[in-house]
Amino acid sequence: MNTLVSVLRLPRGPDPNGRGFDPNSPRFIAMCPTTISASSETGTDSVEIGEEQRARSALRESFLRTLIAMTNKQVQFHMYERVKVEAKFGASDIDVLNFQVSELQTPIGVQKEALLRAKHRKMLLMTVYDADDPPTELPTDD
Amino acid sequence: MAMRQTPLTCSGHTRPVVDLAFSGITPYGYFLISACKDGKPMLRQGDTGDWIGTFLGHKGAVWGATLNNEATKAATAAADFTAKVWDAVTGDEVLTLAHKHIVKSVNFTQDSSCLLTGGNDKIIRIYDLNKPEAEPQEITGHTSAIKKALWCNNDTQILSAADDKTVRLWDRNSTEVVKQLSFDMSVSSMEYIPDGEVLVITYGKTIAFYNALSLDMIKTVDAPASIHSASLHPDKDFFVAGGDDFKLYKFDYGTKEELESYKGHFGPVHCVRFSPDGELYASGSEDGTLRLWQTAVGKTYGLWKCVLPEELVSENSDTIYCTPAAPEIKA
């Protein structure tokens with residue numbers, strides 16, 4: 001009787017929540033120096049590593065608080081081809097690839113709910129302002 | 001007791017898988033990239049099929065994908081009229097190369113300094129990745145869409161296959177045709193083996209082997225069904241092929257004898273490639289999956305475990321789940 005070859009487990013599939021490329025993998029750590037001068041590049045001692053970690057935590061926290069503060073605020077997206085659209089900011093996904101917005105005002109009508117793709121290679125200007133007191137002139141990306 | 005092949009199914013794509021490529025062997029193992037009509041090429045660990053990441057950015061079907069030898073860079077060719085270069089460690093898009101039509105094929109030189117592209121505009125282009133803003137060198141001549149363009153002969157020459165039913169060998173510097181092969185029908189796939197300078201071409205039900213330098217024919221083998229892709233084992237003792245009847249065929253290269261055929265896919269097989277160490281081969285299908293197949297069925301390798309008869313729990317036990325002895329290398 002022919003027996004099927006045994007397998008330890010099945011291949012792991014994609015993570016539905018992100019695009020992968022785990023920054024904690026050995027290959028990533030070895031081949032991608034961090035943008036902040038990394039402890040691994042110099043003979044840094046544990047005190048400096050601790051300080052670097054604290055700085056990273058502070059930056060992460062600041063970024064997350066910025067996102068929280070933007071929730072439900074009116075924002076204006078400056079997109080390619082000089083297109084500007086206004087919406088109410090909802091949330092960003094974990095990789096900052098998409099923004100969830102409500103009441104997106106487009107030239108062809110208002111979208112109740114929408115996902116805007118963020119091209120992370122170019123700058124995306126977002127102007128957050130108080131809906132009751134909008135500025136008379138908004139900055140441009142010229 | 002004979003062992004039956006257990007293919008490992010890699011799911012994740014939502015549309016047909018049309019191309020796949022392995023990297024060379026790196027200190028972190030080897031890697032596999034798959035091109036899919038869902039527009040989201042994926043990187044996987046080559047020996048296990050474990051998903052590592054998805055390259056996000058293309059706006060259309062991805063027709064071709066490749067990795068450089070070190071698996072530090074990836075390149076993809078898509079229906080959105082672009083070829084893209086990616087950092088294969090971070091997944092970030094590094095470069096977008098605009099074309100005037102669907103791009104079908106991408107290929108790095110050995111040192112990853114240049115990228116070859118080919119597609120429906122019938123022009124082969126050479127991009128210097130150190131000067132991406134510069135205009136690419138163009139090679140014209142094909143009269144139909146280019147399916148595949150590959151560097152050969154130490155990156156001094158280029159092999160291309162197109163829907164004009166020709167395979168052409170070009171000199172990189174002069175951009176002139178050195179030699180040309182004509183067929184009665186379109187070539188469905190092409191693989192270049194640098195070690196030994198062998199070219200594997202498929203058309204109709206035929207798998208043909210040529211000397212890549214002279215384009216002299218070495219041999220041809222006919223399969224039971226129309227073949228879309230074939231791959232020669234690094235040791236040149238076997239080759240595998242797949243096509244319209246959903247099956248994978250394994251042949252003896254020396255005797256041309258069909259050794260085995262494997263069912264598993266639920267759609268035509270579009271691409272098949274041996275891993276760089278020859279221990280497995282990967283196939284991509286219209287059914288949206290990639291499958292990994294063992295070259296030596298029953299051998300312990302990757303996720304496959306050799307189990308002696310007395311270790312089987314019961315007659316019906318087909319799989320054993322246990323923690324692997326050594327930590328897995330994850331990229």
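# Close-up views of a predicted two-chain model

**Figure 1. Overview of chain A.** Of the 142 residues of chain A, 27% count as buried. The model shown here and in the other views is predicted. Two helices and seven strands make up the secondary structure of chain A. Read from the N terminus, the elements follow the order β-β-α-α-β-β-β-β-β. Among contacts in chain A with a separation of 6 or more, 30% join residues 24 or more positions apart. Chain A exposes about 10,000 Å². Carbon and sulfur atoms supply 55% of that exposed area.

**Figure 2. The annotated WD repeats of chain B.** The UniProt record, an unreviewed entry, places the feature "repeat: WD" at residues 55–96, 96–137, 139–180 and 262–294 of chain B. Two of these stretches are described here. Residues 139–180 of chain B are 57% strand and 0% helix, and the C-alpha atoms at the ends of this stretch are 15 Å apart. Residues 262–294 of chain B are 55% strand and 0% helix, with end C-alpha atoms 11 Å apart.

**Figure 3. Strand β9 of chain B and its two hairpins.** Strand β9 covers residues 82–87 of chain B. The strand is mostly covered, with five of its six residues buried. On one side in sequence, β9(B) pairs with strand β8 (residues 73–78) of chain B in the antiparallel sense, over five bridges. Within this pairing, B:K73 has B:D87 as its bridge partner. β8(B) and β9(B) form a hairpin with three residues between them, and B:F81 in the turn has a positive phi of about 70 degrees. β9(B) also pairs in the antiparallel sense with strand β10 (residues 93–98) of chain B, again over five bridges. Here B:V85 is matched with its bridge partner B:L95 in β10(B). The hairpin of β9(B) and β10(B) has five residues between the strands. In its turn, B:G91 has a positive phi of about 85 degrees.

**Figure 4. B:T82 in strand β9.** B:T82 lies in strand β9 of chain B. Is B:T82 buried or exposed? B:T82 has a relative accessible area of 12%, which is under 20%, so the residue counts as buried. The side chain of B:T82 makes a polar contact with the side chain of B:D80, at 2.7 Å. Beyond the neighbours within four places in sequence, B:T82 is in contact with B:H58, B:T76, B:A77, B:T96, B:L97, B:H99 and B:V103. Of these contacts, B:T76 and B:A77 fall within the residue range of β8(B), while B:T96 and B:L97 fall within that of β10(B).

**Figure 5. B:H58 and its polar contacts.** B:H58 is found in the loop between β6 (51–54) and β7 (62–67) of chain B. With a relative accessible area of 9%, B:H58 is buried. Which side chains make polar contacts with the side chain of B:H58? One is the side chain of B:T76, at 2.7 Å. Another is the side chain of B:D80, at 3.0 Å. B:D80 also makes a polar contact with B:T82 through their side chains. Apart from neighbours within four places in sequence, the residues in contact with B:H58 are B:G39, B:T76, B:A78, B:D80, B:T82, B:K84 and B:W86.

**Figure 6. B:Y127 in strand β13.** B:Y127 belongs to strand β13 (residues 124–128) of chain B. B:Y127 is buried, and its relative accessible area is 5%. Its side chain makes a polar contact with the side chain of B:H99, at 3.5 Å. Not counting residues up to four places away in sequence, B:Y127 touches B:L97, B:A98, B:H99, B:S113, B:C114, B:L115, B:T117 and B:P136. B:H99 and B:L97 are also in contact with B:T82. B:M42 is 85 residues from B:Y127 along the chain, and the C-alpha atoms of B:M42 and B:Y127 are separated by 23 Å.

**Figure 7. The largest nonpolar core.** This core has 18 residues. The members that touch the most other members are B:L159, B:V167, B:F183, B:M190, B:L199 and B:I201. Two or more residues of the core come from each of β15 (146–152), β16 (157–162), β17 (166–171), β19 (189–193), β20 (198–203) and β21 (206–211) of chain B. Which of these strands gives the most to the core? β20(B) does, with three residues.

Terms used: Residues are numbered from 1 along each chain as its sequence is written. Chains are lettered from A and ligands numbered from 1 in the order in which they are written. This is a predicted model: local features need pLDDT of at least 70, side-chain atom pairs count only at pLDDT 80 or more; totals for chains, interfaces and linings use all residues. Side-chain values use heavy atoms; hydrogens and water are left out. UniProt positions are given in the numbering used here, feature names are shortened, and annotations may be inferred rather than shown by experiment. Helices (H or I, at least four residues) and strands (E, at least two) are DSSP runs, numbered from the N terminus. Buried means under 20% relative accessible area, exposed over 50%, partly exposed in between (1.4 Å probe, protein chains only). Two strands pair if DSSP finds at least two bridges between them. Contact means heavy atoms within 4.5 Å. Accessible areas come from the Shrake-Rupley method with a 1.4 Å probe; for residues, only the protein chains shown count as cover. A polar contact is a pair of N or O atoms within 3.5 Å; within protein, one must be able to donate a hydrogen and the other to accept it, and residues adjacent in sequence count only if both atoms are side-chain atoms. A nonpolar core is a set of buried Ala, Val, Leu, Ile, Met, Phe, Trp, Tyr and Cys residues joined through side-chain atoms within 4.5 Å.
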